[in-house]
Protein chains: 2
Amino acid sequence: MTEEERRRRADAERNRRRLLDSAQALFCERGLDVGVGEIAERAGVGRGTLFRNFASKEQLIAAIVAERMHEAACRGRELLGAPDPEAALFEFVQEVVGRQQLDRGLFEAVGGEFLANEEIREAHGEVISALDELLKRAKQAGAIRDDVGALDVLMMLKGVCQAASAFSHVNPGIVGRQLDLVRAAISVPAAAQPLQGRPPTLKDIEHAYLAEDARTQAKRAQG
Amino acid sequence: MTEEERRRRADAERNRRRLLDSAQALFCERGLDVGVGEIAERAGVGRGTLFRNFASKEQLIAAIVAERMHEAACRGRELLGAPDPEAALFEFVQEVVGRQQLDRGLFEAVGGEFLANEEIREAHGEVISALDELLKRAKQAGAIRDDVGALDVLMMLKGVCQAASAFSHVNPGIVGRQLDLVRAAISVPAAAQPLQGRPPTLKDIEHAYLAEDARTQAKRAQG
DNA sequence: ACATAAGCGGACCGCACGGTCCGGTTATGT
DNA sequence: ACATAACCGGACCGTGCGGTCCGCTTATGT
């Protein structure tokens with residue numbers, strides 16, 4: 001040990017990175033329920049190696065999810081410097097939805113029982129704070145009503161994300177449509193612009209289910 | 001067998017009812033993840049009896065959930081006869097949320113992978129149809145914008161229900177608040193009335209998690 | 001009262017999960 | 001080149017799940 005800071009072997013460091021990468025990829029595409037065995041296999045290491053780097057699966061999840069939330073919060077703070085407060089707010093809202101749309105694990109972590117985890121809850125708080133600041137600026141600019149809070153918005157976004165994860169692949173316009181509704185709701189008196197896309201239909205549900213099923217069976221066949 | 005229609009023994013019928021009742025109760029309070037063992041135990045029968053009445057757990061779930069959805073749809077059709085179309089629509093919306101708030105199993109069945117089940121999806125379709133009719137009437141009355149569909153509304157409700165299931169016990173006003181938002185969204189120009197209740201806070205999340213945790217550990221201690 | 005079939009229940013099975021452990025391997029400093 | 005400790009990987013464990021099976025019980029018609 002010639003250096004104080006260099007106490008871990010190089011291969012250990014490399015394996016940790018591989019584990020984080022493979023877990024991130026699998027959580028993204030299949031959610032947080034993927035088994036630790038599969039994560040280790042994809043990383044090209046054994047299960048033992050996984051558990052030496054992360055004390056439990058929950059801790060691995062927390063490390064990844066918290067990182068993603070931290071990134072989102074940073075983006076939010078960045079948007080605080082944008083010229084148009086209202087545009088900045090809705091840009092952020094749209095990105096938050098987009099991130100969850102691209103990362104199923106992140107989507108599942110928000111609002112589920114995983115908020116029980118200290119690390120995740122803290123990162124979640126960062127996002128809320130950023131959104132809160134953006135809201136405050138937009139309110140001062142007169143664009144947003146005074147009595148809504150960051151969590152009010154986040155809760156509505158939960159519905160949007162749910163819609164996105166369920167239907168966006170059979171009805172791509174659904175996200176923009178729902179985001180429009182977040183702005184204008186369904187009442188006539190508001191100065192409403194026409195909604196984007198086409199209305200979702202019963203067929204969409206069926207297609208969503210069939211696509212999901214086909215994907216599952218494909219995985220099963222190859223595995 | 002003196003009667004054609006009487007081919008099942010009385011005790012069998014009684015046990016089936018007990019199973020349905022206990023499953024309903026457990027699904028309500030703890031969600032669809034409760035084990036079949038516990039359901040049978042609460043009903044005072046063995047696991048074998050459960051599987052003789054229902055070929056699989058999924059079928060048991062479908063029987064119960066579809067029944068609840070059917071009830072909701074009936075209520076919706078009933079409201080079609082109400083004098084004020086707009087009031088009827090929002091009464092229905094509120095009741096749909098209320099039902100999911102009182103029944104965690106129902107909440108989980110909507111929008112999750114359980115919509116893959118034919119029986120559930122069909123019953124879900126009934127609810128959508130009822131909501132669609134209510135929407136049409138409200139549109140004709142000029143209360144609702146023309147370009148929203150029943151599923152648009154249902155998706156927003158998903159977010160409301162999520163908020164309800166997570167926070168209603170620490171912030172009872174949250175449901176009315178979110179329902180207000182469904183009507184008016186967050187834009188200033190709308191003729192907005194002040195939101196009900198108080199804004200949700202970060203503390204609410206923490207309390208929700210702590211309460212959930214305490215409940216879980218209580219169950220664990222008594223079981 | 002009795003014969004009989006329908007019904008019963010809990011022991012049992014296979015499975016998949018998260019997590020542990022230890023004999024063999026390999027990076028690392030001298 | 002070598003000694004050594006850090007590291008590796010996969011066999012292994014306990015748990016809890018949905019679902020099956022079979023010997024015993026009991027409702028039911030005569």
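How many residues surround DNA strand D, and which are the closest? Let's find out by selecting them in your viewer, keeping in mind that this is a predicted model.

**Stop 1: DNA strand D.** Select this strand and what lies around it: 24 residues surround it, the closest being A:V45, A:G46, A:G48, B:A10 and B:G48. Now colour the elements that give two or more residues to this surface: from chain A, α1 (10-30) and α3 (47-53), and from chain B, α1 (10-30), α2 (36-43) and α3 (47-53). Linger on α3(A), since it gives the most, with four residues. If you colour by residue type, you should find six nonpolar, nine polar and nine charged residues near DNA strand D.

**Stop 2: DNA strand C.** Next, select the other surface, where 24 residues sit around DNA strand C and A:A10, A:G48, B:V45, B:G46 and B:G48 come nearest. Here the elements giving two or more residues are α1, α2 (36-43) and α3 of chain A, along with α1 and α3 of chain B. This time α3(B) gives the most, with four residues. The residues near DNA strand C divide into nine charged, nine polar and six nonpolar.

**Stop 3: the nonpolar core.** Now leave the DNA and look for the largest nonpolar core, which has 120 residues. Select A:L131, A:V160, B:L131 and B:V160, the residues with the most contacts inside this core. In soluble globular proteins, nonpolar side chains tend to be buried together.

**Stop 4: A:V160.** Finish by zooming in on A:V160. Beyond its neighbours within four places in sequence, A:V160 is in contact with A:V97, A:V175, A:Q178, A:L179 and A:V182.

Definitions and conventions
Residues are numbered from 1 along each chain as its sequence is written. Chains are lettered from A and ligands numbered from 1 in the order in which they are written. This is a predicted model: local features need pLDDT of at least 70, side-chain atom pairs count only at pLDDT 80 or more; totals for chains, interfaces and linings use all residues. A residue is near a molecule or strand if its C-beta atom, placed from the backbone, lies within 6 Å of it. Ala, Val, Leu, Ile, Met, Phe, Trp, Tyr, Cys and Pro count as nonpolar, Asp, Glu, Lys and Arg as charged, and the others, Gly among them, as polar. A nonpolar core is a set of buried Ala, Val, Leu, Ile, Met, Phe, Trp, Tyr and Cys residues joined through C-beta atoms within 7 Å. A residue is buried if 20 or more other C-beta atoms lie within 10 Å of its own, exposed if 12 or fewer, and partly exposed in between; C-beta atoms are placed from the backbone. Two residues are in contact if their C-beta atoms, placed from the backbone, lie within 7 Å.
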